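Reader: Hey, I've got a structure open and I'm a bit lost. Can you walk me through it?

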Amino acid sequence: MIAAALSTVTLTVLLVGLGLALVQARRWRAGRSAKVGVWAGLAALPARYLVDVHEVVGRTPFNARFHALTAGGFLASLALSVALALPPLRHPLLWGLLALTLAVMLAGGMMVGYRRRVLRPAELSGGRFSRLPLALTGFSAAFLLVALDQSAGGILPVWLVLTLVAVGGWGLAELVFGVWNGPLKHAVHGALHLAFHPRPARFHDGAGRDTGLRPLDLAQADAPLGAGQAVDFAWNRLLGFDACVQCGRCESACPAYAAGLPLNPKKLVQDLVLSLDDGSDDRAYAGHGHPGRPVGAAVTGPTRPLVGADALIHPDTLWACTTCRACVQECPMMIEHVDAVVDLRRFQTLERGATPVKAAGVLEELRATDTPSGRALDRRLDWAVDLRLPVLAAGETCDTLLWLGDGAFDLRNQRSLRALVLLLRRAGVEFAVLGAAELDCGDVARRLGDEATFQDLARRNIQTLEARRFRRIVTADPHAFHCLRNEYPALGGRWTVQHHSAVLLELLTSGALTVTRPLDGPVAYHDPCYLGRYNGEIDAPRAVLDAIGAQRREMERSGLRSRCCGGGGGAPLTDVVGERRIPDMRMDDARATGAPTLAVGCPTCTLMLEGVVEPRPQVAELAELVLTATEPTP
Amino acid sequence: MTARRRDPRAERAARVVPTGGPRLRLALTASDSAAPASGRPRRDPRARRADATVQTAPRLRLDWSGKALAAPATTSAAAVSPAVAGRGVRAVAEPVLRVIDAPACLVFAVLDRADGALSALDRQVMAAARLLADALDGAVVALAPDGPEDWGPEDWGALGADRVLPMPAAWAQEHAPEARAAAVGAAMARWSPVHVVFPESQDGGDVARRVAAVVGERLFAGVESLSAQCVARRAGGGSRELSCAPPRLLSIAADAVAPLGPLRHEARPLDPVAVACAPRLGAARRLPVDPDGVGLGEADFILSAGNGVTDWAAFADLGRALGATRAGSRVVCDAGHLPRDRQVGASGMVVSARSYLAFGIAGAPQHLQGIGGVGHVIAINTDLHAAMIKRADLAIIADAQAVMPALIRLMRERTHG
Amino acid sequence: MVDVAVLLSVGRHPVSGRARRAPTDARALELALSLPPGRRTALHAGSPDSPALRDYLGMGLAELTVLAMAEGRDPTDALLARLRALSPAPSILLTGNRAEGGEDSGMLPYSLAHALGWAIVPDVVALTLNDDGSAELVQALARGQRRALRVAMPFVVTIHPAAPAPRPSAFGPARRGRITVEAVDAPEDTALAACAVRPWRDRPKRLTVGAPGGGSGGALDRLRAATEAKAGQGRLLVGPTPDEAARAIYDCLQEQGMLPR
């Protein structure tokens with residue numbers, strides 16, 4: 001009878017939970033259609049959980065452990081409880097197994113309790129989440145007692161056992177109904193999201209990294225231009241938002257949040273989740289909000305405008321993002337925050353014309369002159385008249401095509417470009433530039449949501465590049481590097497693209513450049529987001545520094561978990577005000593290393609970090625350091 | 001003084017034998033004295049050289065700037081010249097009085113005389129009218145508002161006016177473009193000038209276009225270069241130059257024509273013309289302008305702060321005392337001491353104020369890019385080697401916090417005392 | 001509720017020479033869009049194929065009527081006829097104070113105003129409607145000064161570059177907006193055709209040396225005038241007392257005429 005009661009309670013709760021999950025699924029299925037490999041995704045699911053999700057969760061080993069204990073114990077105990085519905089299986093051995101799994105789960109639940117009650121990380125959400133440890137331990141402890149009692153042959157009085165079953169049932173209901181709209185939502189939605197992820201290539205069974213934005217279909221006049229309301233997102237992306245467990249890892253990683261800008265990526269995703277409820281508001285959200293923004297002011301709805309002064313997402317929140325992908329890098333549920341931000345921006349820019357003033361001016365200059373600063377294209381080489389750079393005309397061939405980027409118009413970055421050119425000459429690399437034929441790569445336009453201008457620039461750049469022959473493209477600008485390497489292929493441009501750090505390393509190791517004056521001093525290295533997180537290139541710049549004899553020091557937050565300089569995604573143009581400036585915070589990280597020199601590999605980082613008020617470490621571009629270290633001795 | 005000059009073009013034209021055939025035939029025997037004037041003014045290099053001669057002993061000195069020119073040598077008018085007789089010394093005394101009694105035509109110079117003062121542009125308009133009139137043996141008529149007494153008399157003769165046409169008192173009003181246009185139109189009907197020259201100032205340009213619309217003629221607006229044969233203006237968004245022979249109506253852009261040197265004309269008053277005008281624009285008044293409300297791009301006088309400023313109350317007081325528009329460097333705006341739209345520099349606003357008073361600004365390249373178009377820079381900084389100090393017209397090595405209160409004090413003394 | 005007509009021309013970017021919305025015309029449209037909703041008629045005279053026309057539609061304009069004519073034609077009569085044909089007649093005609101890319105003389109609004117018999121106010125930055133059929137206008141003057149004036153409808157206003165910046169042009173509305181083309185017969189602009197045209201090249205800055213009241217006009221003055229625009233004239237006071245420094249600044253500013261007298 002006890003077994004029947006237990007399995008009935010379990011089954012009932014599970015069935016009700018399934019029903020609620022289907023109700024929940026109707027919400028995200030209201031989104032746009034998406035091409036998804038359902039079976040391949042489902043087949044890849046377990047491995048993605050064990051490899052990709054584990055890699056993220058395992059960055060905090062304690063969390064990985066309690067997840068393994070709790071989830072493993074829970075799933076196994078559920079299976080065993082259901083099995084008890086079959087009378088032939090009601091064997092003390094099964095009860096013993098059940099007791100074991102429940103004990104495992106209890107251990108995990110207690111670890112969850114320890115984390116939530118004792119450690120209390122600030123980024124965790126409260127509200128329904130506070131009851132989670134109680135539900136976990138309540139369910140596992142009550143059923144554990146029942147299982148132990150039954151495996152021992154039933155010592156306890158029946159009324160007590162039934163009461164325990166009822167208590168366990170409450171805990172189970174709390175957990176399973178939580179799948180509908182509570183803490184355990186992430187278990188089911190997270191799994192489905194892994195299976196139907198909009199970027200399957202980012203997992204280990206794909207390319208392992210997939211960071212290029214997807215092009216909009218502009219040829220079709222009625223195709224949507226970004227997302228203005230919740231249902232403008234594809235269903236599997238709405239599902240992805242629903243997978244958010246509010247763990248707050250994105251919040252801890254977000255440079256904008258840290259600087260007090262009105263953006264919390266966790267709240268942003270919750271805004272998108274809440275917007276699927278009609279006529280509600282965000283008062284139930286129990287985590288940190290967007291700094292300086294009130295909660296509960298806006299009404300939600302799947303077809304209400306998402307962004308606006310009195311909508312759920314304030315424009316300042318949207319435009320504070322630097323698209324640095326730190327949130328994506330940290331998200332254990334593999335949510336693509338930056339894609340969401342860019343889709344929201346696309347709608348604001350392409351449909352509303354609501355780009356912030358200065359950014360809108362830059363876009364207008366881009367359309368009119370093909371440079372964000374409104375400069376004449378034929379002046380891109382003005383800084384290098386004395387260098388007599390060979391210009392590759394249509395139909396000509398060269399080994400290395402040097403993509404100069406917008407840094408060629410900036411006094412500061414002309415210095416590092418000059419160093420790079422001298423190094424290529426010194427190493428005997430046969431290179432050429434495009435000269436006036438090079439247009440802006442479109443990075444800023446795309447991050448600001450102006451897909452039309454990006455595609456126009458990209459198409460014309462691809463046409464220019466296709467008319468010339470070269471072995472590889474080399475650029476000192478990680479933003480151009482990312483565009484050319486990861487985003488142009490979708491529009492038909494495929495070449496070998498290298499960041500200059502990789503090329504410099506190649507030249508140093510091959511002996512084409514010899515170190516004559518080793519740097520011999522501490523140097524901190526700042527990873528540009530578009531080189532590190534976007535392209536995974538964190539080793540080459542470090543190897544270059546090592547090769548020229550620098551005593552490399554790592555800053556807090558480096559490599560793939562580097563903190564943004566504040567210059568990406570058009571953030572310097574949208575210029576949302578916070579409590580601090582992002583580059584100032586990053587410079588504090590550099591100061592803490594005690595190194596007098598901060599090496600960078602990106603023109604935007606150079607400008608942002610050099611804009612920090614002195615005293616501060618000197619900012620030096622990789623090429624500049626290599627140039628000094630390889631000066632030929634007389 | 002000069003040899004009799006031959007005009008080869010006119011001589012050749014006089015020799016042409018009309019045959020009606022395709023070939024040109026010239027009569028070699030025709031007398032060159034029969035050559036009529038071609039109508040094109042010709043330069044006489046000898047005369048110009050003589051006019052440019054400042055001194056002959058001990059060394060010959062020439063001044064081609066036109067300052068030494070008492071009067072164009074080609075004038076047909078009767079000139080009384082007491083000072084030109086001996087050219088041994090530079091003629092700096094009273095310039096020659098030129099009287100044009102029977103002008104071949106009239107050239108109108110329509111002047112703004114805003115707030116009672118002749119602007120530099122008004123003087124340039126006079127110079128342009130003079131140039132056009134001299135080429136045609138004409139006389140310049142100055143059309144200027146005759147304001148209330150406190151405007152003070154204007155020495156029209158010294159400005160190069162042969163005639164002065166007093167304009168109705170309505171011109172003295174703050175803003176009366178319709179009345180001005182009607183008056184110019186009436187004067188044009190009465191005197192039929194060959195050219196009417198306007199200043200391409202805001203109000204002068206407005207009047208010019210109203211006149212052009214009323215008389216139904218084309219205005220050649222914003223002349224950038226002017227000679228007796230050709231006027232040119234910028235068009236096509238600044239990409240093209242349009243040029244033609246001087247038309248009847250033209251307006252002169254600022255600093256396109258050199259003002260005249262010292263000269264004296266008759267400034268004979270003409271009879272006023274009766275004008276009827278029912279203005280439709282009314283209630284014109286100047287609005288009080290908050291200097292900090294003026295866009296940086298428009299501002300004329302900017303008080304700017306950099307990282308060396310810590311006393312923001314004094315900075316605000318100084319802005320008020322000077323009536324200057326406040327601005328700051330990027331660091332200052334980043335720190336929130338000033339709003340972002342007050343940022344000067346490559347990433348902020350590029351300004352073109354006449355005067356830029358910079359406290360505690362070191363002068364990052366981006367900032368210097370932003371003040372490329374500034375006329376006059378005063379920099380106060382503690383660092384002698386700052387880039388801003390090199391850029392400044394007046395550089396003071398001092399602490400901003402000490403100088404700002406002293407300057408506020410001085411301003412208060414001077415305004416109240 | 002007021003019916004307005006806006007004249008929009010195609011501008012020309014000063015660096016690239018590419019067609020764009022003319023800055024002051026875009027501001028005129030911005031002002032028109034911010035007026036209380038009434039009938040808005042947007043007119044362009046010229047080629048209907050210019051991509052810049054879509055930039056105006058991208059600001060939220062639903063329809064733009066193009067009076068199609070070749071370059072070098074005088075659009076005055078065609079525009080006049082079209083404006084007269086509008087029913088009900090608009091009360092306000094808005095346009096930029098200067099086109100960029102054509103003759104750029106700023107004459108067209110004056111010719112239209114005169115032919116229509118309407119008042120015209122140039123260089124306007126703000127417009128508020130009164131209940132009695134008149135409007136309060138604010139005119140931008142040099143050096144950030146402003147002048148207010150009142151005018152009865154109907155009237156023509158031209159917009160100054162200091163007017164509020166136009167909203168950005170968005171791709172979606174630009175794509176959806178409608179361009180109606182009307183072929184018109186426009187006479188050739190003979191006065192313009194009579195002008196010689198050549199590319200503009202900057203002339204050396206005219207130096208006003210030795211102007212009345214100025215320097216002697218000698219070689220030294222010319223050299224100074226030619227160079228001081230770039231580098232400072234370099235007066236330097238090192239470590240003066242605050243009062244000395246203040247006096248130096250005061251004298252300098254007074255010399256520049258920046259201080260209220």
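Author: Here is a short chat about parts of this structure.

Author: This is a predicted model, where local features need pLDDT of at least 70, side-chain atom pairs count only at pLDDT 80 or more, and totals for chains, interfaces and linings use all residues. Residues are numbered from 1 along each chain as its sequence is written, chains are lettered from A and ligands numbered from 1 in the order in which they are written, and side-chain values use heavy atoms, leaving out hydrogens and water.

Reader: Cool. What domains is chain A divided into?

Author: Domain 1 (2-195), domain 2 (228-352), domain 3 (379-502) and domain 4 (509-629). Those bounds come from an automatic or database domain assignment.

Reader: And how far apart are the C-alpha centres of domain 1 and domain 3 of chain A?

Author: They lie 53 Å apart.

Reader: Switching topic: how many residues of helix 8 of chain A are buried?

Author: 8 of its 8 residues, which run from 235 to 242. Buried means under 20% relative accessible area (1.4 Å probe, protein chains only). Helices are DSSP runs of H or I, at least four residues, numbered from the N terminus. Among the buried ones are A:Trp235, A:Leu238 and A:Phe241.

Reader: Which helices do they pack against?

Author: Helix 1 (2-28), helix 7 (185-195), helix 11 (265-274) and helix 14 (337-352) of chain A. Contact here means heavy atoms within 4.5 Å.

Reader: OK, what about chain C? How many residues does the contact take from each chain?

Author: Chain A gives 23 residues and chain C gives 13. A:Glu351, A:Glu364 and A:Ala368 supply 29% of the area that chain A buries against chain C, more than any other three residues. Buried area is the accessible area (1.4 Å probe) that two parts lose on being put together, summed over both. Between chain A and chain C that comes to about 1,400 Å².

Reader: How many salt bridges are there between chain A and chain C?

Author: There are 3, where a salt bridge is a side-chain nitrogen of Lys or Arg within 4 Å of a carboxyl oxygen of Asp or Glu. One of them joins the side chains of A:Glu364 and C:Arg21 (2.9 Å, N to O). Helix 15 of chain A supplies 6 residues to the side that touches chain C, the largest share.

Reader: Last one: why does A:His500 count as buried?

Author: Because its relative accessibility is 0%. A:His500 lies in helix 20 (residues 500-510) of chain A. Beyond its neighbours within four places in sequence, A:His500 is in contact with residues including A:Leu420, A:Gly601 and A:Glu621.

Key
Buried < 20%, exposed > 50% of the residue type's maximum accessible area, 1.4 Å probe, protein only. Helix = DSSP H or I, 4+ residues; strand = E, 2+ residues; numbered from the N terminus.
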